Amino acid sequence: MKNLSVYLEESIFQKYRDALIAAIFTFGILLLGIVNIKLTIAFGKPKLDEKFTKKLRDITGDENIEIYSLNNPKFDPNAFFAGGKSLYYTKSLDKMLKNEEELIAILLHEFGHYKGKHVTRNMVTVGVTFYATIYTILKTTKNEDPIVKMLMFLLMQTGFNIATLPLGRYYEYFSDKYTVQYGYHKHLISALKKLEKYIRKEMCKNMSKEQCDQTIENLHALDEHPVVKKRIEAVLKEKAKKDRLGENYKKKGFIRRWIEKAIGEI
Ligand SMILES: [Zn+2]
């Protein structure tokens with residue numbers, strides 16, 4: 001018996017030790033992500049918005065979708081999809097827009113994240129890159145100083161964040177297309193302009209216009225949301241495409257439909 005346990009410890013456990021520790025770390029970080037989202041929603045004082053749920057269902061034909069308002073006045077104007085079938089918007093977004101169609105446009109953008117299964121895909125990306133980071137550190141730094149390990153962790157994670165940024169941007173452009181598909185592109189454009197104005201007002205107190213432009217640009221450099229100007233350009237381009245293709249705009253081949261069933265719309 002002793003031999004067996006020694007064998008197990010020395011061979012299997014030793015062999016897969018690094019992989020196992022990396023997997024446990026990764027599971028932990030994904031769990032923390034989920035807890036963070038759940039807490040955000042709980043602190044937001046969510047309430048099912050029957051009016052907008054009905055509106056979104058009527059527009060998209062999707063009978064599963066649910067819209068919740070987050071009524072905590074401390075929350076900034078925002079909307080998000082957090083996995084499952086629920087979309088959230090903050091009451092301060094509603095207050096800032098003061099326009100029902102613009103709010104629908106923003107919710108249609110979030111609907112795009114839902115159709116694209118972007119939360120699941122993001123979790124896979126975070127999981128894989130986190131695992132790769134921890135596993136590499138365990139494999140390559142055996143007896144090194146914790147500071148070295150920490151630096152390596154920060155460096156690798158930053159590298160992965162930058163490398164996966166185009167994916168996040170793609171999801172944003174992808175989701176904007178849903179407002180075009182359902183005819184709400186004009187409302188998305190005006191909502192985006194209002195949002196940018198709000199951000200400028202909040203961030204650029206006592207700044208010159210140039211300083212403010214620079215601050216906004218820096219902010220977007222590491223954010224998955226492209227600058228508003230580029231998003232508007234892309235939306236207008238998509239609208240032209242929709243007009244050009246007419247009936248064929250949303251036609252999809254068999255293979256594409258099959259892939260989309262598995263990984264979400266592409
Ligand atoms: Zn988005």
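Strand E4 is mostly covered, with 4 of its 5 residues buried. This strand, which spans residues 86–90, serves here as the point of entry into a model that is predicted. The protein as a whole comprises 11 helices and 4 strands, and its C-alpha trace extends over about 70 × 55 × 40 Å along the principal axes. Of its 266 residues, 21% are buried. Among contacts between residues at least 6 apart in sequence, 63% link residues at least 24 apart.

The sheet may be considered next. Its 4 strands form an open sheet with mixed pairing, arranged in the order E1-E2-E4-E3. The edges are occupied by strand E1 (46–48) and strand E3 (79–81), each of which pairs on one side only. From one strand to the next, the twist averages 25°. In general, the strands of a sheet pair through backbone hydrogen bonds, in either a parallel or an antiparallel arrangement.

The pairings can be followed across the sheet from E1. Strand E1 and strand E2 (residues 66–70) are antiparallel and share 3 bridges; within this pair, lysine 47 has serine 69 of E2 as its bridge partner. The pairing of E2 with E4 is parallel and comprises 5 bridges, and here glutamate 66 stands opposite serine 86 of E4. Strands E3 and E4 run antiparallel and are joined by 3 bridges, with phenylalanine 80 placed opposite tyrosine 88 in E4. E3 and E4 also form a hairpin with 4 residues between them. In the turn of that hairpin, glycine 83 has a positive phi of about 90°.

The helices bring a second set of contacts. Helix H2 (residues 50–60) packs with helix H4 (residues 100–115) at an angle of about 65°, and their axes are 11 Å apart. The crossing of H2 past H4 is right-handed. On the H2 side, Phe52, Lys55, Leu56 and Thr60 take part, and they meet Ile104, Leu107 and Phe111 of H4. Classified by residue type, this contact contains 5 nonpolar, 1 polar and 1 charged residues.

Two of the H4 residues in that contact, Leu107 and Phe111, appear again in the largest nonpolar core. In soluble globular proteins, nonpolar side chains tend to be buried together. The core has 29 residues, of which Leu87, Ile106, Leu107 and Phe111 touch the most other members. At least two core residues come from each of H2, E2, E3, E4, helix H3 (91–97), H4, helix H7 (165–181) and helix H8 (185–203). The largest share, 8 residues, is supplied by H4. Isoleucine 106 illustrates how the core is assembled: setting aside residues up to four places away in sequence, isoleucine 106 touches Ala79, Tyr89, Leu93 and Ala191. Of these partners, Ala79 lies within the range of E3, and Tyr89 within that of E4. Leu93 falls in the range of H3, and Ala191 in that of H8.

Helix H7 also contains phenylalanine 174. Is this residue buried, partly exposed or exposed? Phenylalanine 174 counts as partly exposed because 19 C-beta neighbours lie inside 10 Å, whereas the buried class requires 20 or more. Apart from neighbours within four places in sequence, phenylalanine 174 is in contact with Gly112 and Gly116. The C-alpha atoms of phenylalanine 174 and histidine 113 are 8.0 Å apart in space, although the two residues are separated by 61 residues in sequence.

Two loop residues complete the account, both concerning backbone geometry. Lysine 98 is located in the loop between H3 and H4 and has a positive phi of about 50°, although it is not a glycine. Lysine 98 is classed as exposed because 9 other C-beta atoms lie within 10 Å, and a residue with 12 or fewer falls in that class. Asparagine 206 is placed in the loop between H8 and helix H9 (209–221). Its phi is near 60°, a positive value in a residue other than glycine. Asparagine 206 likewise counts as exposed, because 6 C-beta neighbours are found inside 10 Å.

Notes. Residues numbered from 1 in each chain as written. Predicted model: local features only at pLDDT ≥ 70, side-chain atom pairs only at ≥ 80, totals over all residues. Pairing = 2+ DSSP bridges. Axes fitted to C-alpha atoms, helices over the stretch in contact; angles between N-to-C directions. Left-handed = near helix turned anticlockwise from the far one by under 90°. Contact = placed C-beta atoms within 7 Å. Nonpolar A, V, L, I, M, F, W, Y, C, P; charged D, E, K, R; others polar. Core = buried A, V, L, I, M, F, W, Y, C linked by C-beta atoms within 7 Å.
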